[in-house]
Amino acid sequence: MHDILDAIDRWLARGEQVAIATVVRTMGSSPRQVGAKMAVSSSGAMIGSVSGGCIEGAVFEACQEAIATGQTRLLHFGVADETAWEVGLACGGTIDVLVEPLR
Amino acid sequence: MSTIYELVREAVRSGQPLATITVLSGELIGAKMALRPDGQTVGDLGDTELTAQAVQVALPLLTAGETQTVSLTPEVTIFVESFVPPPTLYMVGGVHISIALAALAKIVGFRTVVIDARDAFATAERFAHVDELILAWPDEALAGRLDARSSVAVLTHDPKLDDPALRVALRSPARYIGALGSPKTHARRLERLAAEGFTPEELARIHGPIGLPIGAKTPEEIALSILAEVVQISRRGASTGVQKGA
């Protein structure tokens, strides 16, 4: 958490906007536990992780969108849905990720 | 007024416990408030009844330092995120096992405290790697410090030091209490404490002989078995829930 806060402080000091993604629920096996976080800045800087690397790309996009729209969204990644097929969840579990613009 | 994020940042930096509650579903998605261990709140979820309900659910989770998603009603799901300092492992006895146990516990994410009244044992040279080294009688050192996330490993083998530590630990909400010693030593210890008035239920909280049975022989291996048990109990507590009021 400390490393993420340090990065967010630097981004905010530069006048950037920030979105934070947090793992809020997992089912089955998953590499990161509930509460794992990743933060993204409006210029595309990124810190932290919400999986073993399988969904970070999609979450990064969602964070950029949250910065642009100001909307909070709950993302669901799992083996049984299309998104998961696209980005691939190798662990076979499901992960819910909350994406919030920092206000 | 500070934003919720600023409160979280301040809490994490200062080591003060704080929880955030975020609505995950419905029209109120993204609504967020903060909660302190004394029940004080900052912000609300946009609905008085929902806010009150959420606080009631979140408070015991914050006390236990847990982060989880909870279905409040069939329609409303909330995410309770606890920001708490690392849990503390108190080692009573500046013994060889404590040297290894402190090192392993640090890696796993515990704050480490070693307590011994004997200055030959509690030396900075032996325990340069612990977060806090206390040269004092264990009961004095532990008094008022143990909370529901604390673990206590009693390791001196000497009733003069072990028993006072156990008395304080048994009267605290500590989630793990373990005591080193053979089954025979442990049986005698339980007899002594029972004679002082501790009930069988209270005494059942003591894990003894301490540690998971992994066939440990060396002090380092025994430290590993103790830490494994501490983690097992800590995580079991996390899945079966928190202390409930009577």
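This is a short chat about reading the contact, a helix, the cores and the domains in a predicted model.

Me: Let's start with the interface. How many residues does each chain put into the contact?

Reply: In general, interface size is often quoted as the accessible area lost when the parts come together. Here we can go by residues: chain A brings 13 and chain B brings 13. On the side of chain A that touches chain B, α1 (2-13), β1 (18-27) and β5 (94-101) each supply at least two residues. That side of chain A divides into seven nonpolar, three polar and three charged residues.

Me: And α1(A) itself, what span does it reach from first C-alpha to last?

Reply: An α-helix has 3.6 residues a turn, so residues three or four places apart point the same way. In this model, α1(A) has twelve residues and reaches 16 Å, close to the 16 Å expected at 1.5 Å a residue. After α1(A) comes G15(A), with a positive phi near 85°.

Me: Which residues have the most contacts inside the largest nonpolar core?

Reply: Think of a core as buried nonpolar residues joined through C-beta atoms within 7 Å. The largest one here has 49 residues, and A21(A), V97(A), I21(B) and A58(B) have the most contacts inside it. Helix α2 (residues 48-64) of chain B gives the most to this core, seven residues. Leaving out residues up to four places away in sequence, I21(B) touches several others, including L35(B), A54(B), A58(B) and V80(B). There's also a second, separate core of 43 residues, with L89(B), M91(B), I134(B) and I210(B) among them.

Me: Where do the domains of chain B fall?

Reply: The domain assignment gives domain 1 as 4-83 and domain 2 as 88-240. Taken over C-alpha atoms, the centres of these two domains of chain B are 33 Å apart.

How values were computed. Residues are numbered from 1 along each chain as its sequence is written. Chains are lettered from A and ligands numbered from 1 in the order in which they are written. This is a predicted model: local features need pLDDT of at least 70, side-chain atom pairs count only at pLDDT 80 or more; totals for chains, interfaces and linings use all residues. Domain bounds come from an automatic or database domain assignment. Two residues are in contact if their C-beta atoms, placed from the backbone, lie within 7 Å. Helices (H or I, at least four residues) and strands (E, at least two) are DSSP runs, numbered from the N terminus. Ala, Val, Leu, Ile, Met, Phe, Trp, Tyr, Cys and Pro count as nonpolar, Asp, Glu, Lys and Arg as charged, and the others, Gly among them, as polar. The expected span of a helix is 1.5 Å times one less than its number of residues. A residue is buried if 20 or more other C-beta atoms lie within 10 Å of its own, exposed if 12 or fewer, and partly exposed in between; C-beta atoms are placed from the backbone.
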